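Grab a viewer and work through these exercises at your own pace. Try each task before you read its solution.

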Amino acid sequence: MKTVGIIGINGMVGQKMQTELQKIKLPFEIKTFGRNDEIPALDIAVLCTDNPVSRELAPKLKNRVKFMVDMSSEFRMTPGVPLVIPEINPHAITKDTQLIASPNCTTTGLVMSLAPLKPFYHFEEVFFCSYQAISGGGKKLLDEFHLPGSYYEKNCVPLIGSLLPNGHTSEELKGLYESRKILEIPDLKVYCHTVRVGVENSHSLGVTVKIKEKADLEQIKKAWNNFPNLKYSEHVITPKEVSGKETTFICRLRKDALDENVFHYFVTFDNLLKGAAMNGRQIVELLLERFV
Ligand SMILES: NC(=O)c1ccc[n+]([C@@H]2O[C@H](COP(=O)([O-])OP(=O)(O)OC[C@H]3O[C@@H](n4cnc5c(N)ncnc54)[C@H](OP(=O)(O)O)[C@@H]3O)[C@@H](O)[C@H]2O)c1
């Protein structure tokens, strides 16, 4: 029997990963591992761990595991490590890619909205401001949020990840560099501003795109609705409605008031599902179908 191990089973993503993997309609066994558990030989290991743990574990597991799917940001920008959203760049995975990285949750929402437009338009500039849920910060942050007097209660905090010497945060630079890698547009300009808001689950982004061509709103909506796991909503849709759903939703598409080459929209999606465990499950599914 093929085996898929979840490392970090007690975390936010590890827990969701377990229910996600149970959706796969192929024969395999799920094994789960917490802190200090011995990890045996596996066909696929899904690392639902923070960067330092993934950094330490990946080289140790190399000889025992056929494929590794890492949910952390540790290896995402490493050359030769594919950064994969199965709806967008499944071709990046081959039988020889032992380690596959799953992208940042906020970046996932952005590129899910940009990828369907790539065949029709040339992106000149992309700007987004994010409204990121507490669950994106892991179990500890969510537990703290539930305590009375949490800093995040009825608040928005414009600092996610670490503050870098250039004034950006690590989260903001993920939006730029991960988008370039996934979309295979190495010179894509993405201006990012990431904010944690007092919302328990599901991330959102307000996005502005400048293209070389004139924007055709009907064509854009059609491209979104024809793309898997993506839907344009004619009505306002918010994190409350999308939590627990697999679809990434977009609403409020409109042309800029001044510039015909610019359009704006709002994206919202479950960061623990499409932003993490569902994307991981789709990668595992692809590996089981094609290479394991
Ligand atoms: N949350 C999201 O929306 C999201 C989205 C995309 C990507 N990610 C990434 O996914 C990873 C997990 O995130 P999370 O939100 O699930 O964090 P989390 O809730 O803090 O979970 C991390 C888990 O790793 C476990 N762990 C620590 N050391 C371990 C070890 N040596 N072996 C096995 N397990 C170990 C922890 O165990 P204990 O319970 O014992 O502490 C904890 O349960 C992170 O890299 C994060 O950046 C998260």
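## Exercise 1: Two loop residues

With 13 C-beta neighbours inside 10 Å, Glu184 counts as partly exposed. Keep in mind that you're looking at a predicted model.

**Task.** Find the loop that holds Glu184, then work out whether Ser202 is buried or exposed.

**Solution.**
- Step 1: Start with Glu184, which sits in the loop joining α5 (170-183) and β8 (190-193).
- Step 2: Check its backbone: Glu184 isn't a glycine, yet its phi is positive, about 60 degrees.
- Step 3: Move on to Ser202, in the loop between β9 (196-197) and β10 (203-211). Ser202 isn't a glycine either, and its phi is positive at about 85 degrees.
- Step 4: Count neighbours. The cut-off for buried is 20 or more other C-beta atoms within 10 Å. Ser202 has 29 C-beta neighbours inside 10 Å, so it counts as buried.

## Exercise 2: Glu153

**Task.** Place Glu153 in its loop and decide if Glu153 is buried or exposed.

**Solution.**
- Step 1: Look between α4 and β7 (156-157); the loop there contains Glu153.
- Step 2: Glu153 has 12 C-beta neighbours inside 10 Å, so it counts as exposed.
- Step 3: Now pick Val197, which is 44 residues away from Glu153 along the chain. Their C-alpha atoms are 8.2 Å apart.

## Exercise 3: Domains and the ligand

**Task.** Work out how the chain is divided into domains and why the ligand's shell lies between them.

**Solution.**
- Step 1: Split the protein chain into domain 1 (3-103 + 276-290) and domain 2 (106-270).
- Step 2: Take the centres over C-alpha atoms, and you get 24 Å between domain 1 and domain 2. The contact draws 13 residues from domain 1 and 19 residues from domain 2. On the domain 1 side, the residues touching domain 2 break down into 7 nonpolar, 4 polar and 2 charged.
- Step 3: Turn to the ligand, which has 26 residues around it; Gly8, Gly11, Ser72, Gly138 and Lys139 come nearest. By class, that shell holds 10 nonpolar, 12 polar and 4 charged residues.
- Step 4: Sort the shell by helix. At least two residues each come from α1 (12-21), α4 (139-145) and α8 (273-290), and α1 gives the largest share, with 3 residues.
- Step 5: Because domain 1 and domain 2 both give residues to the shell around the ligand, it lies between them.

## Exercise 4: The core around Met68

**Task.** Find which residues touch the most other members of the largest nonpolar core, then follow Met68 to its contacts.

**Solution.**
- Step 1: The largest nonpolar core has 71 residues, and Ile44, Ala45, Val46, Leu47, Met68, Val69 and Val111 touch the most other members. The largest share of this core, 7 residues, is from α8. Domain 1 and domain 2 both give residues to this core, so it lies between them.
- Step 2: List what Met68 touches, leaving out residues up to four places away in sequence: Ala45, Leu47, Ala58, Leu61, Gln98 and Leu99.
- Step 3: Add the strands. β3 (residues 42-47) and β4 pair in the parallel sense over 5 bridges, with Leu47 opposite Asp70 in β4.
- Step 4: Finish with cover: 5 of the 6 residues of β4 (residues 65-70) are buried, which leaves the strand mostly covered.

Notes. Residues are numbered from 1 along each chain as its sequence is written. This is a predicted model: local features need pLDDT of at least 70, side-chain atom pairs count only at pLDDT 80 or more; totals for chains, interfaces and linings use all residues. A residue is near a molecule or strand if its C-beta atom, placed from the backbone, lies within 6 Å of it. Helices (H or I, at least four residues) and strands (E, at least two) are DSSP runs, numbered from the N terminus. Ala, Val, Leu, Ile, Met, Phe, Trp, Tyr, Cys and Pro count as nonpolar, Asp, Glu, Lys and Arg as charged, and the others, Gly among them, as polar. Domain bounds come from an automatic or database domain assignment. A nonpolar core is a set of buried Ala, Val, Leu, Ile, Met, Phe, Trp, Tyr and Cys residues joined through C-beta atoms within 7 Å. Two residues are in contact if their C-beta atoms, placed from the backbone, lie within 7 Å. Two strands pair if DSSP finds at least two bridges between them.
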